[in-house]
Amino acid sequence: METKIRWGILGTGMIAGKMAEGLSVVPGAALTAVASRSKEKAVEFSRRYNVATAYGSYEELAAAPGIDVIYVATPHPYHCENSVMCMKNGKAVICEKPFAMNEREVLRMIAAARENGVFLMEAFWTRFHPSIRRVLELVASGALGEVRHIDSDFGVFNRFDPQHRAFNKELGGGSLLDIGIYPVFLTLLLWGEPDRITCVPHMGSTGVDESLALIYGYDDGRIATLYSSFIVNSTVETHICGTEGRLKLPRMWFCPVPVELTKGENRTETISFDFVGNGYNYEAEEVTRCLREGMKESELMPLDFSLRLIRLLDRTRKEMGLVYDADTGK
Ligand SMILES: NC(=O)c1ccc[n+]([C@@H]2O[C@H](COP(=O)([O-])OP(=O)(O)OC[C@H]3O[C@@H](n4cnc5c(N)ncnc54)[C@H](OP(=O)(O)O)[C@@H]3O)[C@@H](O)[C@H]2O)c1
């Protein structure tokens, strides 16, 4: 029998729990350890998700023997330092999105992966869903003709709390980096970098974008209209429109969902998938496979794509004038 890839989770918040659930259905993966800044929280998490070892500091997990890969699940401003610490200790890393606060930090992470000869990947779960993989195939096959419009939104109402990481600037608050990143990711995946960016942000009282309308324009006429928000529940749909057809990714399109293909005016076919797990298992499966095969990055979510994504986010933030401490070296 093949030995299992041993996982550690760094941080015990909302998404850490989702990954623990996702990992439970991944063949060949064993969730072995968890770390929190507080021993009590680590122990509580380890009991809830049946994890053998609970560490009361991130440093202990990074240095722990018997761990192959660490999933970094802290707020964005900590992604770089947490990931680099794990990699310096010889651990492979899968780090939550956004990969880091800006290009400078992402470059530091990539350099650490190369210097230490370890695997590194951004945990962009949507990239690994069968639905998104099918969307890419359909677009590439020409099923939609020439794709000229992407319309994608992600607005989820969050009760205002200046301390919560959604609104707290010190914790990387703002809709673009947290959820607007999904429409930006999809546009970059399908079309590459835009030639022009127009944005209309609504900056809230904590100095971050509580909502944001974005237009990415391409010199050949393609236009992407994107929206993110913490102050409204929008449709959270994506529409990819071409000269001969269109695709609709229905509500909560960033999760595993069926895909609707419409040809002509009204001929709509729903493409369904046999999804398993809670959706986080797909990225975990990819990491497990890459580690077994001795790869240092994933072909589906390569480091170069993560670098291009953060550069586009930096460019977009520049347009709206949003600067974080990480940008000024504070
Ligand atoms: N892929 C997805 O679907 C998805 C969904 C949601 C979030 N995310 C990403 O995952 C990351 C974490 O989001 P989350 O919603 O899980 O956040 P969360 O519930 O607030 O949890 C973050 C965890 O990070 C640790 N942490 C370390 N320093 C912290 C600090 N100064 N303040 C607060 N927490 C700190 C804490 O764990 P300990 O107290 O145990 O140390 C905390 O539980 C974000 O970067 C976010 O973009 C991804």
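Start with Glu96: one of its polar side-chain atoms lies 3.1 Å from a nitrogen atom of the ligand. That is a polar contact, meaning a pair of N or O atoms within 3.5 Å. This is a predicted model, where local features need pLDDT of at least 70, side-chain atom pairs count only at pLDDT 80 or more, and totals for chains, interfaces and linings use all residues. Numbering runs from 1 along each chain as its sequence is written, and side-chain values use heavy atoms, without hydrogens and water.

Two further contacts. A polar backbone atom of Met14 is 2.9 Å from an oxygen atom of the ligand. For Asp178, an N or O atom of the side chain is 3.2 Å from a ligand oxygen. The protein covers 85% of the 890 Å² of accessible area that the ligand has on its own (Shrake-Rupley method, 1.4 Å probe).

Now the shell. It has 24 residues, each with a heavy atom within 4 Å of the ligand. The closest are Thr12, Ser36, Lys41, Tyr58 and Tyr280. By class, we get 11 nonpolar, seven polar and six charged residues. Here Asp, Glu, Lys and Arg count as charged; Ala, Val, Leu, Ile, Met, Phe, Trp, Tyr, Cys and Pro as nonpolar; the others, Gly among them, as polar.

Which helices supply at least two shell residues each? Helix 1 (14-23), helix 4 (76-88) and helix 7 (175-191). Helices are DSSP runs of H or I, at least four residues, numbered from the N terminus. Helix 4 gives the largest share, three residues.

Last, the domains. Domain 1 (5-125 + 279-298) and domain 2 (130-274 + 311-328) both contribute to the shell, so the ligand lies between them. The bounds come from an automatic or database domain assignment.

Notes
A polar contact is a pair of N or O atoms within 3.5 Å; within protein, one must be able to donate a hydrogen and the other to accept it, and residues adjacent in sequence count only if both atoms are side-chain atoms.
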